[in-house]
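Student: Can we go through this one by asking what earns each label? I'd like to see the reasoning and not just the verdicts.

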Protein chains: 2
Amino acid sequence: MPVTLKELAARANVHPSTISRVANNDPGLRIASATRSRIEALLRETGYRPNGIARGLKMRQTNVLAVVIPDVTNPFFAALFRGVEDAAAPRGFNVLLCNTDGLPERQRSHLESLQARRVDGVIVASSFLKDPSVRELREQKGPYVLVNRFSDEGEDPFVGSDDLLGGQLATAHLIELGHTRIGHLAGKSTVSTGMLRRRGYLAAHTAAGLPVDPGLTVEAGYTEESGAVATRRLLSVDDPPTALFAVTDMVALGAAEVARQMGFRIPEDLAIVGYNDIPLASRVSPGITTMHVPIHEFGSVAARLLLDQIENDEPTRRRVRFTPDLIVRESTVAGAASSQRSRRLNFSAE
Amino acid sequence: MPVTLKELAARANVHPSTISRVANNDPGLRIASATRSRIEALLRETGYRPNGIARGLKMRQTNVLAVVIPDVTNPFFAALFRGVEDAAAPRGFNVLLCNTDGLPERQRSHLESLQARRVDGVIVASSFLKDPSVRELREQKGPYVLVNRFSDEGEDPFVGSDDLLGGQLATAHLIELGHTRIGHLAGKSTVSTGMLRRRGYLAAHTAAGLPVDPGLTVEAGYTEESGAVATRRLLSVDDPPTALFAVTDMVALGAAEVARQMGFRIPEDLAIVGYNDIPLASRVSPGITTMHVPIHEFGSVAARLLLDQIENDEPTRRRVRFTPDLIVRESTVAGAASSQRSRRLNFSAE
DNA sequence: TGCCGATGAACAAACGATTGCGCTAGCCTA
DNA sequence: TAGGCTAGCGCAATCGTTTGTTCATCGGCA
């Protein structure tokens, strides 16, 4: 059992409050230097660390943040989390990680538990456009930041990419390559990234004066498996698309695998563009052309937004939106990304 | 500000303790049914949730676990963490995630902070053979479990694989394929996995009556980059090895990339075996032959060990060791794992 | 009528820390 | 020598729960 203030006080023959003040380096503290050094010696000797629970109760601050994501084994969210922790740890915060598997019910129960725990702030990267649990966050007035996906029912603090533009750029790239029948492996229409990237896909067609075949858009969700299933459907029709824009890299990966199994050569028979530029995208073969977004920064910026809210004790409305960059690899242009890959993995001998 | 017991007590004209008893469904509680229903209505109406901090202070239990790992963006540790959370969440525990980047100093500071926070248990997957911070854990008598890597300075609760056997099986596989000059991209000798897998590598040679060239073993650490650097060194000598046993899949991946850059064909010129069977290993091309270990189970078993300790309030000494399985893929046998890959990714159309 | 036992709920002491305020000496000053 | 100032600490409330104990009330029974 760790040592408490009271015990130290007994050993030093002073009142607990005095120990507390010395331990916390209370600036306006007037104390005899003899007493001070006696206490400081005791603190060092016992390695006293204030009980964070008691401290949290009194100070109404736990120094804990929470990150709510669908699944940390998805490299996108793993990188996001690192961004959060890298920003939070130096400021003395620990971070709870909650996986929802995309289930609103698990998200709700996690959020409820986090609230009971009185975490100082929550980062949610698994929200829906209409999201009851985000609504609750909004009403509770506790610090929170939405990442990657936002909710359109209110003005929440947000960090993410310009998904409309990203969808447009990705699709425009395929159009420039001469494709006219471009399929879309869409995200869910209930999720901001799904909705916006799809709108970008449509906008690119409009801008190019290209007709859109609604039959070429299929909701593929966000996992590799669902991407694979959707692709199989899309490629089984009479007049299959010659290119695919997938809502995420994971979906693109599932698509590439299935396409290959079905005998399509990539990119000759089927070009594929993903989104997010997860590390995997550059290392599979062929490398996946994708929209690069600063995933780690998503996390660190969100954490900073949160920490600033906590320290200033006032909510923010800031919405940070990064502009995605097209990264061309072999999944759309044969031989294109070889320079990319070698750059990424060109380790020096020392 | 969430509602407190005291406020509810005032509204219900009862003492806070009565509310607490009703809310907690105190079994031996004698209460007038009128009072009970009045209170229950109030609880529902306000959605009262006890303050976890205050509760933790009184109960001396936070219902928080912590996982300390080198880096969650490494898929091995991401899967490990999921295992922990999947076992902990149903039992009402949240999980803190701490990344150390393999730095003992960061591990120490994290562990210190976790102790101050009074987390109920700690899972450490980043320990060294001689590890001062593990020694502290051991002395503090708080629940903890070591995962994947152990420390040899004491009998700690542990979950991991039989690394000696694993190293032996991996190397024996290469020997059976006819290789006689087998390189080893070793882990650090200060880490149990590094030491044991290397001993397995040696044991396999001995068992086969094969001489060991010490020049073919080089310490490669655990990252892809360090694996690449080490491989470049190993392949630059006059008489390079024809096969490589890498301490982890990440290291094997770095090796494969560099080998290819240097003009080696895999597996014809250079066969490669990894360890852990991370998802990446089966999806790169060529697929990496590797020792399969149940990563998710590492996490869930460790969590269960921890939770049992917490509930029974007594430490355990249990050491769980899984037997690793050889998975043969194209990095050692051309065309071998095509069945593997398609099995893994053979999505049904529905 | 008087006493006893149950019943229903209040009391109060923790848990360990923080912090505004008050109290006691001692010394200086007028 | 009285009054005041200040240095150096102690006091006690507080954060929100939990839980063993006590207290009041009422009904029943002799």
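Tutor: Sure, we'll take the protein contact and then the DNA, keeping in mind that this is a predicted model.

Student: Why is the pair A:Glu224 and B:Arg283 called a salt bridge?

Tutor: The closest N and O atoms of A:Glu224 and B:Arg283 are 2.3 Å apart. The cut-off is 4 Å between a side-chain nitrogen of Lys or Arg and a carboxyl oxygen of Asp or Glu, so the label fits. Between chain B and chain A the count is eight salt bridges.

Student: What makes up the side of chain B that touches chain A, by class?

Tutor: You get 28 nonpolar, 14 polar and 18 charged residues there. In all, chain B puts 60 residues into the contact and chain A puts in 59. About 5,200 Å² is buried between them, with 53% of that from carbon and sulfur atoms.

Student: Now the DNA. How do you know that A:Arg55 makes a polar contact with DNA strand C?

Tutor: A polar side-chain atom of A:Arg55 sits 2.8 Å from a phosphate oxygen of DNA strand C. The limit for N or O atoms is 3.5 Å, so this pair qualifies.

Student: And what makes B:Arg30 a base contact?

Tutor: An N or O atom in the side chain of B:Arg30 is 3.2 Å from a base nitrogen of DNA strand C. That is within 3.5 Å, so it counts as polar too. A:Lys58 has a side-chain N or O atom 3.4 Å from a base oxygen of that strand.

Student: Which helix gives the largest share of the surface near DNA strand C?

Tutor: α4(A), with five residues.

Definitions and conventions. Residues are numbered from 1 along each chain as its sequence is written. Chains are lettered from A and ligands numbered from 1 in the order in which they are written. This is a predicted model: local features need pLDDT of at least 70, side-chain atom pairs count only at pLDDT 80 or more; totals for chains, interfaces and linings use all residues. Side-chain values use heavy atoms; hydrogens and water are left out. Contact means heavy atoms within 4.5 Å. Buried area is the accessible area (1.4 Å probe) that two parts lose on being put together, summed over both. Ala, Val, Leu, Ile, Met, Phe, Trp, Tyr, Cys and Pro count as nonpolar, Asp, Glu, Lys and Arg as charged, and the others, Gly among them, as polar. A polar contact is a pair of N or O atoms within 3.5 Å; within protein, one must be able to donate a hydrogen and the other to accept it, and residues adjacent in sequence count only if both atoms are side-chain atoms. Helices (H or I, at least four residues) and strands (E, at least two) are DSSP runs, numbered from the N terminus.
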